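Trainee: Could you take me through one strand up close? I'd like to see what sits beside it and where its residues point.

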Amino acid sequence: MNLTLKIWRQKNANAKGKVVTYQVSDISPDMSFLEMMDVLNEQLIEKGDEPVAFDHDCREGICGSCNLQINGEPHGPDRGVTTCQLHMRRFKDGDTIVIEPFRAKAFPIIKDLVVDRSSFDRIQQAGGYISVNTSGNTQDANSIPIEKDNADMSFYAATCIGCGACVAACKNASAMLFTSAKVSQFALLPQGEVEADRRVLQMVEQMDKEGFGNCTNTGACEIECPKGISLENIARMNREYLKASLK
Amino acid sequence: MGTFESNTPKGPLAEKWTNHKNNINLVNPANKRNIDVIVVGTGLAGGSAAATLAELGYNVKTFCYQDSPRRAHSIAAQGGINAAKNYQGDGDSIYRLFYDTIKGGDYRSREENVYRLAEVSGNIIDQCVAQGVPFAREYGGLLDNRSFGGVLVSRTFYAKGQTGQQLLLGAYSAMNRQINRGKIKAYNRHEMLDIVKVDGKARGIIARNLVTGELERHSAHAVVIASGGYGNVFFLSTNAMGSNVTASWKIHKKGAYFANPCFTQIHPTCIPVSGDHQSKLTLMSESLRNDGRIWVPKKKEDAEAIRAGKKKPTELSEEERDYYLERRYPAFGNLVPRDVASRAAKERCDAGFGVNKTGEAVYLDFSSAIMRYGKEAATTQKIDNPSDAKIKELGKEVVEAKYGNLFQMYEKIVDQNPYETPMMIYPAVHYTMGGVWVDYNLQTTIPGCYAIGEANFSDHGANRLGASALMQGLADGYFVLPYTIGNYLADDIRTGAISTDTPEFEAAEKEVRERIEKLVNNKGTKSVDHFHKLLGKIMWNKVGMARNEQGLKEAISEIKELREEFWKDVRVPGSADEMNAELEKAGRVADFLELGELFAKDALHRNESCGGHFREEYQTEEGEALRDDENFMYVAAWEYTGNPSEAILHKEELNYENIEVKTRSYK
């Protein structure tokens, strides 16, 4: 396949960025999207140009590093996959592909397609944990039976990879889906109950502080989420928040 | 301390760890506030160690090259974590887990370390559940288990195919709690480029800020290396793109011995290579071997027809299939250890029975599992005389609930539906058992420098059993290192803060800077990946699944030449004072080019086959590994002397007092 790529280039956080057009040829449909980017970068290096910077690591859809906005959609046209799991067979010979970074006030650009998502870490630091020491002096694991359905729902919420697609998809750049996934994971488990109020209040406060927008229930986040994190989590977080603020 | 002594405690095996903990020095809580510890790497081992050290009161600094600790490659571990809980009542015990691990490692690991690992394994599960890790449960609300290779009990705890993710996020949340308290300072997007020694002791590191390119000096009273394994020396592996040996290699060059580098795990069930463009390989969890059956066609004509696209695997009847693992190893069947399964796949493919275009793939088939589960489900749901289609439908639901995300991953990559046609799989580099040599306290031969998790060599011998890497990472980080390190730090309570404004830091930073400048100013003609791919080819062809004397000798000289070529002709675009991914890669590949040579040297010196190390000259008539306990029952710890090929061999003899050394058999 031969493709035209329109890619956001930006030297650093303070520089002005622009879209630059590149051509790549001989792209195999079996390549992943990032392997296609590798081909482009090899080509640029050979010509003496600077390769395009983008975040990536595990390349199997679990680390959450990769985060490209492809033709206007976070992680591209496929559902339920990250950028690294998107394959070129999804595109046609002669296609033009527009590649941008995830855009949000709380995700400032570092370089080209690389953005700073440390705001997500700070939301987690505000309360995304159960305060138990790791001394090992806890009770036997099976002394806390947990209803399977709750355990499963908790697990599904916990499969969030923190990529930021929900924020990039949202017209308000809201981080509600991300934050609510962690709140839900613990809200559904007896171990998390003790600190539930403090957790939800602090995490939401931090989320607002970081400059993420509010949720207006458009649901784009759920559709673009590569892990299928459900909107129900946002509803659950709203309930938890209300409950905690009325106390 | 800091010498080449295993420092294993005296006394009966089962009491050693408890006695040791009772006898080592402690640091009083008030003094811990005055002690700094650096942790390099924030995966399961590093993340859990950092959290625990901070809880204990030490000031911790963590370093990772990713943008967040949550992205460390532990996150990609799929299948599970072992623990000797015996919740299934199938006769499991600490001793059995210990025994399985020693035997699985082909009698090349240290008894005392492995026993301790088995001993603390149960606590890991308790700890993780308390932290809110959502393990799989049964309807009764209790934890579920599955089986992994090389064992005859069900002791693996799991969270669907995302166990590593859930455990890592548990450790990450424990870290976050300490970051919030100000006890951990996390330096993300930072890479350690050298260790700094003062008076022979590890006292800090030089790190590069990967956003600004700035070199930073960080001091501490001890340095913990938790930077994972070196499988990417093969270019293609299941490791993350950024996984590297740099931190381990830098400490090796400053005095830490490197042990058993040739012990590498080739995992049997990975998605086969599809072409030259491939940047990495994807694992299909070993848990799939619980239900999937591995086979190739019995007749070569069928294999040829399948390769040519003239036949489909589903067209072959049961009689036309060779379930070669079940045939060769009836006792363990599809659940033989990884090294055995990998070699058996290679043997069939080399003999001409491979099933993909390149002839380097075998089938992993779920059709009988789907029917079996379907029948069970029909019975439970009281469906009388269900049709085959109904059984299949019900069976698919069960399989999806167990392995859904893995099947989806497979379908995305290969573009085939594994519910309908068998998966194609082939062995790939996955894990490195070798690593930095450590004593019982996990201390390297540099005083004050520790290595934990995959970065060290200690627990898996010549082959690691499935679901044991997560166990070791968390055991080291939560339950071992935070206590053993106190014994060393107890002497440091009066040292006070360590200045970075010293000749030692100056010299280390200068060395790092010069190397970076050399790379950036080299202006050669070939990209970093060009060299990395060539290195990978040499490693895979001559130091891979089967090795021989001649090939290894060739590999050593070829790697040396390639390294010289690299330094002459590599091109690193951009500058050193900005975010520069090519520069990062160049530094890592430069280190792989040195490690590769030591790796081959180690494989050449070990004139035996054991675990993942298979020397063609040393095999039984049936093609099984032939160990030489008389001459090679030792850990090969290499001392750097200025050139990887001139490394000096130190031997740590292994003594088995509690286990009878036998020929490993899974037949």
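Mentor: Sure, and keep in mind that this is a predicted model. Let's start with two strands of chain B: S12(B), residues 293-297, pairs with S14(B) in the antiparallel sense, over three bridges. To find one of those spots yourself, go to B:Arg293, whose bridge partner in S14(B) is B:Asp365.

Now stay on S14(B), which covers residues 362-365, and look for its other link. Three bridges also join S14(B) to strand S15 of chain B, residues 423-432, and this pair runs antiparallel. Here you can pick out B:Leu364, which stands opposite B:Met423 in S15(B).

Next, the directions. In a regular strand the side chains alternate between the two faces of the sheet. In S14(B), B:Val362 and B:Leu364 point one way, while B:Tyr363 and B:Asp365 point the other way. Are these four buried or exposed? Whichever way they point, all are buried.

For contrast in how burial can be laid out, hop over to helix H7 of chain A, residues 196-209. Its buried residues are A:Arg199, A:Val200, A:Met203, A:Val204, A:Gln206 and A:Met207. Looking down the axis of H7(A), you'd find them within an arc of 160°, so they line one face of the helix. Among the elements covering them are helices H2 (118-125), H5 (176-187) and H9 (232-245) of chain A. After H7(A) comes A:Gly211, with a positive phi near 95°.

How values were computed:
Residues are numbered from 1 along each chain as its sequence is written. Chains are lettered from A and ligands numbered from 1 in the order in which they are written. This is a predicted model: local features need pLDDT of at least 70, side-chain atom pairs count only at pLDDT 80 or more; totals for chains, interfaces and linings use all residues. The expected span of a helix is 1.5 Å times one less than its number of residues. A residue is buried if 20 or more other C-beta atoms lie within 10 Å of its own, exposed if 12 or fewer, and partly exposed in between; C-beta atoms are placed from the backbone. The arc is that of the directions from the helix axis to the C-beta atoms. Two residues are in contact if their C-beta atoms, placed from the backbone, lie within 7 Å. Two strands pair if DSSP finds at least two bridges between them.
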